[in-house]
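Got your viewer open? Let's take a walk through this one, one selection at a time.

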Amino acid sequence: MTIGGARQLGGRGVPGAARTRQRRRVVVPVEGGAGHRKGGHGLGEQNLLAEIGIEEDPVLAEAAAVKKARKAAAAGRSKKPTVSQADRFAFGVAALAKFAAREGRNKPVPQSHVDVLERVVVGPDAVEGTETTPIKLGSWVGNQRTRRPSLSPDQIAALAEHGLVLG
């Protein structure tokens, strides 16, 4: 018995029966005698479209060129500065202090609560400005409870100072 041109050894359900199948390559003929695999575009989509008389839209071509230029320019720029883990913890503690002052030390932080912190930043021209940073305080508090075993005693004390006792 054969399957796909290869011989089948053993029967169905027989342990150790080896079954092999030949892989077939589908070749689609194209004018000029050259072929390409089904699903691949050996000649390129633009060339195939041009062969059947479909031209590229100049407006779309210009938009694609602008997008490509912007992407190349963005690659040369630096990304946002990274914030250290200690700074993130300090932002969370500052947001917790703000929440505790406003709502009271013993009130639990709702999971969906977001607090906005304003901080002074110095730009590249030594010009000071304020920047607002949203802190997802409810999620942050839940994460601190989860990370309790890995927090330092100083971090636990800072949290307890603002009413968050990790038990």
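Here is a short tour, from the whole chain down to single residues.

**Stop 1: the whole chain.** Keep in mind that this is a predicted model. Show it as a cartoon and you should find five helices and six strands. Trace the chain from the N terminus and the elements come up as β-β-β-β-α-α-α-β-β-α-α. Now switch on the surface: the protein exposes about 13,500 Å², with carbon and sulfur atoms supplying 54% of that. Of the 167 residues, 16% are buried. As for contacts between residues at least 6 apart in sequence, 30% of them join residues at least 24 apart.

**Stop 2: helix α4.** Select residues 137–146, which is α4. Which of its residues are buried? Colour Leu137, Gly138, Trp140, Val141 and Gln144 to see them. These five sit on the same side of α4, because they cover an arc of only 165 degrees around the axis. The general rule helps here: an α-helix has 3.6 residues a turn, so residues three or four places apart point the same way. To see what lies over the buried residues of α4, add α3, β5 (115–122), β6 (128–135) and α5 (153–161), which are among the elements covering them.

**Stop 3: α3 against α4.** Keep α4 on screen and select helix α3, residues 85–103. At what angle do the two pack? It is about 115 degrees, and the axes are 10 Å apart. The crossing of α3 past α4 is left-handed. For the side chains that make the contact, show Arg88, Phe89, Gly92, Val93, Ala95, Leu96 and Phe99 from α3, then Leu137, Trp140, Val141 and Gln144 from α4. Sorted by class, that contact has eight nonpolar, two polar and one charged residues.

**Stop 4: Gln144.** Zoom in on Gln144, still in helix α4. Is Gln144 buried or exposed? Its relative accessibility is 3%, so Gln144 counts as buried. Leaving out neighbours within four places in sequence, Gln144 is in contact with Phe89, Leu151, Leu159 and Leu166. Phe89 should look familiar, as one of the α3 residues in the contact with α4.

**Stop 5: Pro134.** Last pick: Pro134, in strand β6. Pro134 has a relative accessible area of 57%, so it is exposed. Setting aside neighbours within four places in sequence, Pro134 is in contact with Val114, Asp115 and Val116. Try a distance label between the C-alpha atoms of Pro134 and Asp115: they are separated by 5.8 Å, while the two residues are 19 residues apart along the chain.

Methods: Residues are numbered from 1 along each chain as its sequence is written. This is a predicted model: local features need pLDDT of at least 70, side-chain atom pairs count only at pLDDT 80 or more; totals for chains, interfaces and linings use all residues. Side-chain values use heavy atoms; hydrogens and water are left out. Helices (H or I, at least four residues) and strands (E, at least two) are DSSP runs, numbered from the N terminus. Buried means under 20% relative accessible area, exposed over 50%, partly exposed in between (1.4 Å probe, protein chains only). Contact means heavy atoms within 4.5 Å. Axes are lines fitted to C-alpha atoms, for helices over the stretch in contact, and angles run from 0 to 180 degrees between N-to-C directions. A crossing is left-handed if the near helix is turned anticlockwise from the far one by less than a right angle, and right-handed if clockwise. Ala, Val, Leu, Ile, Met, Phe, Trp, Tyr, Cys and Pro count as nonpolar, Asp, Glu, Lys and Arg as charged, and the others, Gly among them, as polar. The arc is that of the directions from the helix axis to the C-beta atoms. Accessible areas come from the Shrake-Rupley method with a 1.4 Å probe; for residues, only the protein chains shown count as cover.
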